[in-house]
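Me: Hi! I'd like to go through a protein model with you, a bit at a time. Can I show it to you here?

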Amino acid sequence: MRLQFLGAAGIVTGSCFLLEAANTRIMIECGMYQGRKEIRERNYESFKVSPRTVDYVLLTHAHIDHSGLIPKLIKNGFKGKIYATVPTVELCEVLLPDSAYIQEMEVERKNRKNRRAGRGLIEPIYTVNEAYKSLSQFLAVTYDEIIQLTPDIRVRFVDAGHILGSAMIEICVRENGSDTKLVFSGDIGNKDRPIIKNPSYIDEADYVVMESTYGARLHEQKEKEIESLHSIIWETYKRGGNLIIPAFAVERTQDLLYHLYLLMKSERMPAMSIYIDSPLATAATEIFWKHHEVFDQEAASLIQKGEDPLQIPGIKFTKTAEESKALNQADRAIIISASGMCEAGRIRHHLKYNLWRPESTVLFVGYQADGSLGRQILDGQKTVRIFGDEIAVKADIRFIESYSAHADQAGLVEWVKNFKRPPREIFLVHGEPESSAALADLLRSQHGLKVTVAELQQVVDLLPDAARTVEEDNIKTLYESISTRLQGLLAAGIGDAGREEILRGLAELENIIKKAK
């Protein structure tokens, strides 16, 4: 059994892993890279494995850094099924065509420049038509359903508490008469979020591939979250500016709607117009409305009372480009728009018209990948380039970290501690190097776990119980033999011959360690 890390190793985005087991090739995730230009360029590279040789794709959730290269995989020859939960499939039905549309618009803009400069033309990674075509290969499953992929491989999706439909994936493999269980955490949710249930705990696993996005950080207290939002809204209102919120269309926008609903319900909102300026967020919110059955108890109880926290009276969902452009003249408005990292979409227009205004506020409520426009603004750059223009950053820049849909360091450790039997090995992915390293050190030093920070293109062999027991016994016997010989030499005193013997012994020990790894 082999596991290869094809993405999201040493970086947060581009999730992709390949499991080869029981004569079957399974790709877990097929995500797009986001962030700096040199990182985004990886999206244009060929797959490191032939898509034609992949039998199945398992998808934890719909975010583009997990799902965004699926149409490319199919375009290049993948013929199998893509398993995901019902809400994930429905969200991909709007997210993937939207991703393709953004690519087509960006390519069109770049090709206009290329023509003027006499350079060659480029093509999008995939087109809108190719994105729609890819949807026919999705197969929807329910939480906790046992899926028998092959006679030797079964799969189960459990609630990850990250976004609507997000899942952790258990894969149980029978190979050479032995059973091995792997868990791919996907993105582990932040506890006590609006609407979405808390992440599930899993009793046992032999190997775990685990995210580490916030492996070095703690979120602020969640009870301060809505109060921070309330204060920022009033501060912006008193200055006479706009509140611009870059927000992921899925989950973050709905979280904000929920809190704005609570503030309105308690009559704590100033007279500010609220706009959701993202067709994608509008479509995603409609999918949320369809899936009350997976809401947490708090949101479900509101709905049972006849209230819907996602339908705020007076809120405006813009549809056309003209309606979006009209917001350039807005004053004292709350504008929630995608993308969450400011890499594309309508949010870039709103930033262009508001970043230079000291009376306005830009509020970040989600992770900003290294090199993204959002990260540049959050890191304090004085000017940023948007649509070829240098824009001064004079607006008030704020960040409410606890809105994150990712568990923080404490949440990640808590999730691991709930295994009733510790995993043999944990592989950390989805983290910048310092985040993964911090979490790895903590899990090793305080919890005695074997933890590996995965590297891009790394291939590891995963041994089933029986084979691993035999190898461990052999290693233990050899180690004890060498140790006894060295102790005898030390007791008798050593000369040149003794030193040579010890050096040979150390070399053998080194080979033992290599085998153990």
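Me: How are α13 and α14 oriented to each other?

Reply: The helices α13 and α14 are oblique to each other, therefore neither roughly parallel, antiparallel nor perpendicular. Under 35 degrees counts as roughly parallel, over 145 as roughly antiparallel, 65 to 115 as roughly perpendicular, and the rest as oblique. One note on the source: this is a predicted model, where local features need pLDDT of at least 70, side-chain atom pairs count only at pLDDT 80 or more, and totals for chains, interfaces and linings use all residues. Also, residues are numbered from 1 along each chain as its sequence is written, and side-chain values use heavy atoms, with hydrogens and water left out.

Me: Ok, and what angle do the axes of α13 and α14 cross at?

Reply: Roughly 45 degrees, and the axes come within 11 Å. Axes here are lines fitted to C-alpha atoms, for helices over the stretch in contact, with angles from 0 to 180 degrees between N-to-C directions. Helix α13 covers residues 409-417 and helix α14 covers residues 433-447. Helices are DSSP runs of H or I with at least four residues, strands are runs of E with at least two, and both are numbered from the N terminus.

Me: Is the crossing of α13 and α14 left-handed or right-handed?

Reply: Right-handed. That word is used if the near helix is turned clockwise from the far one by less than a right angle, and left-handed if anticlockwise.

Me: Which residues meet there?

Reply: From α13 there are Gln409, Leu412, Val413, Val416 and Lys417, and from α14 there are Leu439, Leu442, Leu443 and His447. Contact means heavy atoms within 4.5 Å. By class, this contact has 6 nonpolar, 2 polar and 1 charged residues. Nonpolar takes in Ala, Val, Leu, Ile, Met, Phe, Trp, Tyr, Cys and Pro, charged is Asp, Glu, Lys and Arg, and the others, Gly among them, are polar.

Me: New topic: how many salt bridges are there?

Reply: The count comes to 36 salt bridges, each being a side-chain nitrogen of Lys or Arg within 4 Å of a carboxyl oxygen of Asp or Glu. One of them joins Glu414 and Lys191, at 3.3 Å from N to O. Glu414 lies in helix α13 and Lys191 in the loop between β10 and β11, so the pair ties together parts that are 223 residues apart in sequence.

Me: Are Glu414 and Lys191 buried or exposed?

Reply: Something in between! Glu414 is partly exposed at 30% relative accessibility, and Lys191 is partly exposed at 28%. Buried means under 20% relative accessible area, exposed over 50%, and partly exposed in between (1.4 Å probe, protein chains only).

Me: What about Asp441 and Arg444, how far apart are they in helix α14?

Reply: They are 3 residues apart, about one helical turn. Their side chains also meet in a salt bridge, 3.3 Å from N to O.

Me: Switching again, where is Pro270 found?

Reply: Pro270 is in the loop between α7 and β13. Pro270 is buried, with a relative accessible area of 9%.

Me: Which residues does Pro270 touch?

Reply: Not counting residues up to four places away in sequence, Pro270 touches Ile233, Trp234 and Tyr237. As for Lys238, its C-alpha is 9.4 Å from that of Pro270, while the two are 32 residues apart in sequence.
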